[in-house]
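Work through the exercises below with the model open beside you. Try each task before reading its solution.

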Amino acid sequence: MEDSLVKVVSIVGARPQLVKLAPIAAAFAASDVRHMIIHTGQHYDADLSDVFFDGLGIPDPDVHLGIGSGSHGVQTGRTLAALDPVLEAEHPDWVLVYGDTNSTLAGTLSAVKQHIRVAHLEAGLRSFNRRMPEEHNRVLTDHAADLLLAPTEEAMRHLAAEGLAARAELVGDVMVDICLRIRDAVLAGAHPRPALPPGIDADAPYLVATLHRAENTDDPKHLHSLVDALTDLPVPVALLAHPRLLARAEEHGVKLARGAVSVGRPLPYAQMVGAVLGSVGVVTDSGGLQKEAYLLARPCTTLRTETEWPETLVDGWNHLVPRPGDLGATEWTGLATRPAPTAERATPYGDGRAAERVVRTLEGK
Ligand code: UD1
């Protein structure tokens with residue numbers, strides 16, 4: 001009686017969503033739920049998409065919309081228009097959307113307009129920075145969705161403050177599920193060593209850096225000073241460059257590979273975990289990488305004014321640096337190159353079994 005089974009459609013499109021999809025797809029595969037994957041095509045470079053499907057054992061998408069890049073309105077609008085007929089034909093019990101990208105918002109809008117229930121994974125995160133495209137996407141998605149799957153107590157508090165407590169469930173963070181599983185495999189020697197940029201010696205101290213947010217890449221002056229600060233650091237920096245960073249740097253005439261900085265391609269997930277484990281610290285504006293650094297016990301320096309993951313700031317495991325000039329500040333040994341704190345880390349992100357909880361919650365509703 002296939003038709004009596006619960007049917008869930010996951011909508012993904014950008015790299016961080018594929019990381020979250022991996023443990024979810026595995027948990028659905030071990031359940032009676034019928035799970036289908038729609039890839040919007042927001043990310044289309046192999047480095048940002050295919051390597052995650054292959055490397056994390058995610059089944060191929062059932063539908064690929066091939067949307068590609070564009071302004072926020074164009075990208076979101078095209079995705080919405082392309083999703084309508086697919087969701088109408090599939091008519092699942094639930095649409096599951098992930099995180100805070102334009103694909104998340106488009107998936108939510110298409111589903112709610114067709115009276116299909118929406119579950120939002122990673123609900124309740126807030127930066128309270130209303131200039132961030134991700135903040136618009138999160139707030140709008142949470143208010144439209146029927147079920148809010150929150151990763152942390154802090155996220156639950158944000159949802160309650162916005163009158164959304166009745167729809168919220170604390171499930172934990174699925175990124176713990178995948179990050180710790182891959183860490184154990186990397187430590188057991190199951191993956192090749194990461195392909196670090198030329199010029200980085202994997203056996204000597206180095207920092208892992210990533211930079212891709214619009215707030216950091218799109219203003220030429222700000223991008224210049226961020227890159228200058230990275231190049232001045234006293235430790236080699238492996239800058240794993242997102243295509244957006246390469247495009248903006250080229251446009252604004254900012255040379256990336258100089259001084260301490262060596263530039264490489266984005267890494268597949270297991271290689272990224274290996275690169276962080278081999279490093280003395282991380283410098284980033286990514287949300288996911290801040291948390292991965294925390295889970296892997298490497299100090300993180302975050303090139304932003306705020307974070308959606310404030311738990312990482314406790315005891316100095318993560319440090320916010322809004323002003324590029326402060327990156328190498330000498331109050332300790334320099335922010336980015338400070339040693340790892342000695343404090344024990346708490347487990348605010350859960351026990352690594354969040355994906356199972358997500359599946360059980362959807363089955364039970
Ligand atoms: C998107 C998400 C962001 C997430 C990030 C992870 C939104 C609003 N932002 O940002 O929350 O942290 O993904 O990477 O949804 N590009 C390529 N190849 C690709 C994809 C993008 O070259 O496969 C380049 C294009 O120049 C494009 C630019 O990157 O215009 C930005 O891509 P876009 O999908 O708009 O957002 P991201 O910056 O990747």
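The exercises that follow concern a predicted model.

**Exercise 1. Domains and ligand**

Task: State which domains the chain has and where the ligand lies relative to them.

Solution:
- Start with the assignment. It gives domain 1 (2-173 + 350-364) and domain 2 (188-336).
- Take the separation next. The C-alpha centres of domain 1 and domain 2 lie 27 Å apart.
- Look at the contacts. On the domain 1 side 22 residues take part, and they meet 18 residues of domain 2.
- Now place the ligand. Both domains give residues to the shell around the ligand, so the ligand lies between them.

**Exercise 2. The ligand shell**

Task: Describe the residues around the ligand and its polar contacts.

Solution:
- Count the shell. There are 19 residues around the ligand, and H43, Y44, D45, E134 and R244 come nearest.
- Sort the shell by character. It divides into 6 nonpolar, 9 polar and 4 charged residues.
- Find the polar contacts. A polar backbone atom of N102 is 2.9 Å from an oxygen atom of the ligand. For the side chain of H212, an N or O atom is 3.0 Å from a ligand oxygen. For the side chain of R244, the distance from an N or O atom to a ligand oxygen is 2.8 Å.
- Assess the cover. Alone, the ligand exposes 740 Å², and the protein buries 88% of that.
- Assign the shell to elements. Two or more residues each come from α3 (72-90), α5 (133-144) and α10 (243-251).

**Exercise 3. Helix α12**

Task: Decide how far helix α12 is covered, and say what packs against its buried residues.

Solution:
- Take the helix as residues 287-295. Of its 9 residues, 8 are buried, so the helix is mostly covered, given that buried means under 20% relative accessible area.
- List the buried residues. They are G287, L289, Q290, K291, E292, A293, Y294 and L295.
- Find their partners. The buried residues of α12 pack against helices α7 (174-187) and α11 (269-277). They also pack against strands β11 (281-284), β12 (300-302) and β13 (318-320).
- Check the ends. S286 caps the N-terminal end, with a side-chain oxygen 3.2 Å from the backbone nitrogen of G288. Just after α12, A297 takes a positive phi of about 60 degrees.

**Exercise 4. Three residues**

Task: For L223, H120 and V321, give the location, decide buried or exposed, and list contacts beyond four places in sequence.

Solution for L223:
- L223 sits in helix α9 (residues 220-231).
- Its relative accessible area is 0%, so L223 is buried.
- L223 touches L211, N216, T217, L245, R248, A249, H252 and V254.
- L223 and L245 are 22 residues apart in sequence, and their C-alpha atoms are 9.2 Å apart.

Solution for H120:
- H120 belongs to strand β5 (residues 117-121).
- Its relative accessibility is 0%, so H120 counts as buried.
- Contacts of H120 include V97, Y98, G99, T104, R138 and T141. Also among them are D142, A145, L147, L148 and L149.

Solution for V321:
- V321 lies in the loop between β13 and α13 (354-364).
- Its relative accessibility is 2%, so V321 counts as buried.
- V321 touches T301, T302, L303, R304, D326, L327 and L335.
- T284 is 37 residues from V321 along the chain, and their C-alpha atoms are separated by 10.0 Å.

How values were computed. Residues are numbered from 1 along each chain as its sequence is written. This is a predicted model: local features need pLDDT of at least 70, side-chain atom pairs count only at pLDDT 80 or more; totals for chains, interfaces and linings use all residues. Side-chain values use heavy atoms; hydrogens and water are left out. Helices (H or I, at least four residues) and strands (E, at least two) are DSSP runs, numbered from the N terminus. Buried means under 20% relative accessible area, exposed over 50%, partly exposed in between (1.4 Å probe, protein chains only). Contact means heavy atoms within 4.5 Å. A polar contact is a pair of N or O atoms within 3.5 Å; within protein, one must be able to donate a hydrogen and the other to accept it, and residues adjacent in sequence count only if both atoms are side-chain atoms. A residue is near a molecule or strand if one of its heavy atoms lies within 4 Å of it. Accessible areas come from the Shrake-Rupley method with a 1.4 Å probe; for residues, only the protein chains shown count as cover. Ala, Val, Leu, Ile, Met, Phe, Trp, Tyr, Cys and Pro count as nonpolar, Asp, Glu, Lys and Arg as charged, and the others, Gly among them, as polar. Domain bounds come from an automatic or database domain assignment.
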